[in-house]
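Here is a walk through one protein model, from its rings and charges to its cores. Keep the viewer open as you read.

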Amino acid sequence: MKLAILGGGGVRMPGFVRAVLASRPGAFDEICLFEPDRVRRETTGRLAAELAVVLGHPEVVRISPDAAEAFTGADYVFSAIRVGGDQGRVIDEEVALRRGIVGQETTGAGGCAMALRTIPVVLSYCELLSRCSPDAVLINFTNPAGLITQAISAQGKVRAVGVCDTPGGTVEHLAAFLGTGTGQGTGTGQGTGTGQGTGTGQGTGAGQGTGSGRGTGSGRGTGTGGLSGSYAGLNHLGWVCSLLTGGQQRIAELLTRFEELQRFDHRFAAFDPALVRRVGAIPTEYVYYFYDAARYLDGVAHAGVSRGRDVLRLNSELLARLASAFDDGGVDAAWAVYDLLLGVRRDTYMRTDMQGESGQGQARARREAAGTAGIGAARIGGYEGLALRIIDGLAGRGACEVIVNIRNGTSLGFLDADDVVEVPARVDADGLSPLPAPSLPRSARALVEQVKDYERGIVEAAMTGDAGLAAVALSGHPLVPGITAARELIGEYRALHGQHLAYLR
């Protein structure tokens with residue numbers, strides 16, 4: 001079985017490859033990292049390949065600058081690309097921030113610019129994949145995951161599913177607060193976790209996998225043992241609407257004790273408790289940008305730097321230090337650098353946005369004091385664990401439920417059947433079946449309807465190259481104050497992103 005990784009030189013790929021080889025030895029005969037950038041092939045790509053040697057799989061991992069070579073014979077393709085690189089993210093965020101508008105890489109204006117840059121590139125890869133390996137399943141982590149998966153589904157060339165580890169991680173952290181956690185992959189500070197999950201497969205692509213009778217359960221969405229959580233929404237705009245432990249409904253308790261939950265877990269600290277109780281469901285962390293845009297803008301202004309610029313600095317340091325670490329101490333030294341800097345990145349996730357300072361200095365000091373996790377002993381986080389659960393289900397190694405971005409069908413009755421939504425699904429060797437989703441609170445439903453209408457417009461604009469339509473679609477986003485601002489944003493993004501948005505006319 002062959003796994004191809006689109007964006008194989010990404011900074012998270014060594015950790016992903018290590019997790020695959022450490023937890024599923026022998027599952028893949030070949031893992032091919034497609035990476036066109038030479039520097040990344042020689043740093044993060046090289047680290048992934050050398051980790052395979054250390055773990056006893058010297059012939060499994062290959063690096064290629066040729067997409068067709070990577071795709072040919074692939075059973076699964078894992079997509080995690082960033083068109084325009086880290087500097088593109090900085091532009092996305094800061095163009096909006098200069099106008100006093102939320103600037104976040106997956107939400108609002110920033111997410112729009114990222115999607116417009118990314119959709120044509122991803123669709124070109126899907127076209128190539130459909131010729132090289134028409135039966136392959138594309139697992140999409142490329143952000144904004146829901147919007148990108150919507151475009152892949154509209155194109156209809158490949159079987160695909162969009163994945164994000166935030167929903168399952170949120171359920172797991174809530175269960176930990178209640179003392180009923182499953183102990184599986186909680187992550188280290190970014191709301192990841194795998195645990196109970198979600199299950200997916202190929203249902204978003206060309207209409208496959210909507211199921212015709214499978215998955216007619218109660219819409220639990222996640223669950224292991226006595227834990228069952230219901231979730232619904234869109235990618236980075238979703239709510240946990242129910243949490244059962246031992247058959248007992250606990251959502252009312254979570255709402256009542258929300259202040260305690262905030263002290264227990266920083267992911268919930270920025271939310272206003274009265275607002276959350278009024279909504280009647282627990283929001284995932286990205287809903288923060290919708291519920292308290294002013295606090296986010298004040299936080300970034302206080303920090304004096306966007307999260308994107310923080311990440312740019314960390315990633316630039318990582319690439320530079322990896323190059324020298326191989327010369328100075330080989331793969332062990334390179335892994336030590338990687339483990340430190342990726343740990344700092346995880347530990348400071350969303351901190352600038354929520355707390356007005358990055359906390360990178362403190363996080364670095366803690367990580368340095370704790371030392372490096374061994375190559376074989378490092379944890380499997382939510383990102384890696386969720387992808388592996390999906391592949392296990394599709395490969396017939398055990399059916400499961402996961403929360404994924406998939407064609408709606410009838411899961412959320414107020415949206416179109418072809419809309420891509422983030423809901424529970426069952427994955428097994430036959431493919432993907434969306435499960436019934438819980439009813440969203442009225443205010444949450446209104447947000448989802450508005451954002452989905454924006455997403456439909458952005459996908460159409462990207463697929464037709466219509467800059468005017470892109471502005472009109474963006475003007476409908478709840479974080480953008482109307483058509484004048486939207487046209488200005490699209491104009492500046494086109495100017496600053498150059499060739500990546502030159503297709504828009």
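How many aromatic pairs does the count come to? This is a predicted model, and the count comes to 13 aromatic pairs. Take Y286 and Y349: their ring centres lie 6.3 Å apart with the planes at 75°, so this pair is edge-to-face, the cut-off for that label being over 60 degrees. The two tyrosines bring together distant parts of the chain, 63 residues apart. Y286 sits in the loop between strand 12 (282–283) and helix 11 (288–291), while Y349 is in the loop between helix 13 and helix 14 (351–355).

Are these two rings buried or exposed, or something in between? Y286 has a relative accessible area of 4%, so it is buried. Y349 comes out at 24% and therefore counts as partly exposed. Both belong to a bigger group, since ring pairs link F271, Y286, Y288, Y289, Y291, Y296 and Y349 into a cluster.

Rings can also have a charge for company. The charged end of R46 sits over the ring of F326, at 4.0 Å from the ring centre.

**Salt bridges**

Now for the charges. Side chains of opposite charge can pair when their charged atoms come close. The count here is 34 salt bridges, and the table lists some of them.

| Salt bridge | N to O distance | Where the partners lie |
|---|---|---|
| R62 and E30 | 2.6 Å | R62 in strand 3 (residues 61–64), E30 in strand 2 (residues 30–34) |
| E105 and R82 | 2.8 Å | E105 in the loop between strand 5 (103–104) and helix 5, R82 in the loop between strand 4 (76–79) and helix 4 (85–97) |
| D92 and R117 | 2.7 Å | D92 in helix 4, R117 in helix 5 |

R62 and E30 link distant parts of the chain, 32 residues apart. R62 has a relative accessible area of 29%, so it is partly exposed.

The bridge between E105 and R82 ties together parts that are 23 residues apart in sequence. E105, at 9% relative accessibility, counts as buried, whereas R82, at 26%, is partly exposed.

D92 in helix 4 and R117 in helix 5 are 25 residues apart in sequence, so their bridge ties those parts together. Are the partners buried or exposed? D92 has 0% relative accessibility and counts as buried, and R117 is buried as well, with 1%. Some bridges share partners: R40, R82, D86, R89, E93 and E105 are joined into one network in this way.

**A buried acid with no salt bridge**

D339, in helix 13 (residues 307–347), is another story. Which side chain of opposite charge is nearest to D339, and how far away is it? The answer is R346, 4.7 Å away, and D339 is buried yet has no salt bridge. The cut-off for a salt bridge is 4 Å, and therefore a 4.7 Å distance does not make one. Leaving aside neighbours within four places in sequence, D339 is in contact with R367, G371, T372 and A373.

**Two more buried residues**

P167 is found in helix 7 (residues 166–177), and at 1% relative accessibility it counts as buried. What does P167 touch beyond its neighbours within four places in sequence? The contacts are Y231, T284, I403 and E422. The C-alpha atoms of P167 and V402 are separated by 9.3 Å, with their places 235 residues apart along the chain.

Q360 lies in helix 15 (residues 360–370). Its 13% relative accessibility puts Q360 in the buried class. Not counting residues up to four places away in sequence, Q360 touches R307, D310, L314, V344 and T348. Q360 and L297 are 63 residues apart along the chain, and their C-alpha atoms are separated by 19 Å.

**The nonpolar cores**

In soluble globular proteins, nonpolar side chains tend to be buried together. Here the largest nonpolar core has 141 residues, and I31, F78, W239 and I282 have the most contacts inside it. Which helix gives the most to this core? Helix 5 (residues 108–132) does, with 12 residues. Apart from this core lies another of 19 residues, including L47, L322, L342 and A363.

How values were computed
Residues are numbered from 1 along each chain as its sequence is written. This is a predicted model: local features need pLDDT of at least 70, side-chain atom pairs count only at pLDDT 80 or more; totals for chains, interfaces and linings use all residues. Side-chain values use heavy atoms; hydrogens and water are left out. A nonpolar core is a set of buried Ala, Val, Leu, Ile, Met, Phe, Trp, Tyr and Cys residues joined through side-chain atoms within 4.5 Å. Buried means under 20% relative accessible area, exposed over 50%, partly exposed in between (1.4 Å probe, protein chains only). Helices (H or I, at least four residues) and strands (E, at least two) are DSSP runs, numbered from the N terminus. Lys and Arg count as positive and Asp and Glu as negative; His and the chain ends are not counted. Contact means heavy atoms within 4.5 Å. Rings of Phe, Tyr and Trp (its six-membered ring) pair if their centres lie within 6.5 Å; planes under 30 degrees apart count as stacked, over 60 as edge-to-face and the rest as tilted. A charge sits over a ring if NZ of Lys or CZ of Arg is within 6 Å of the ring centre and within 35 degrees of the ring normal.
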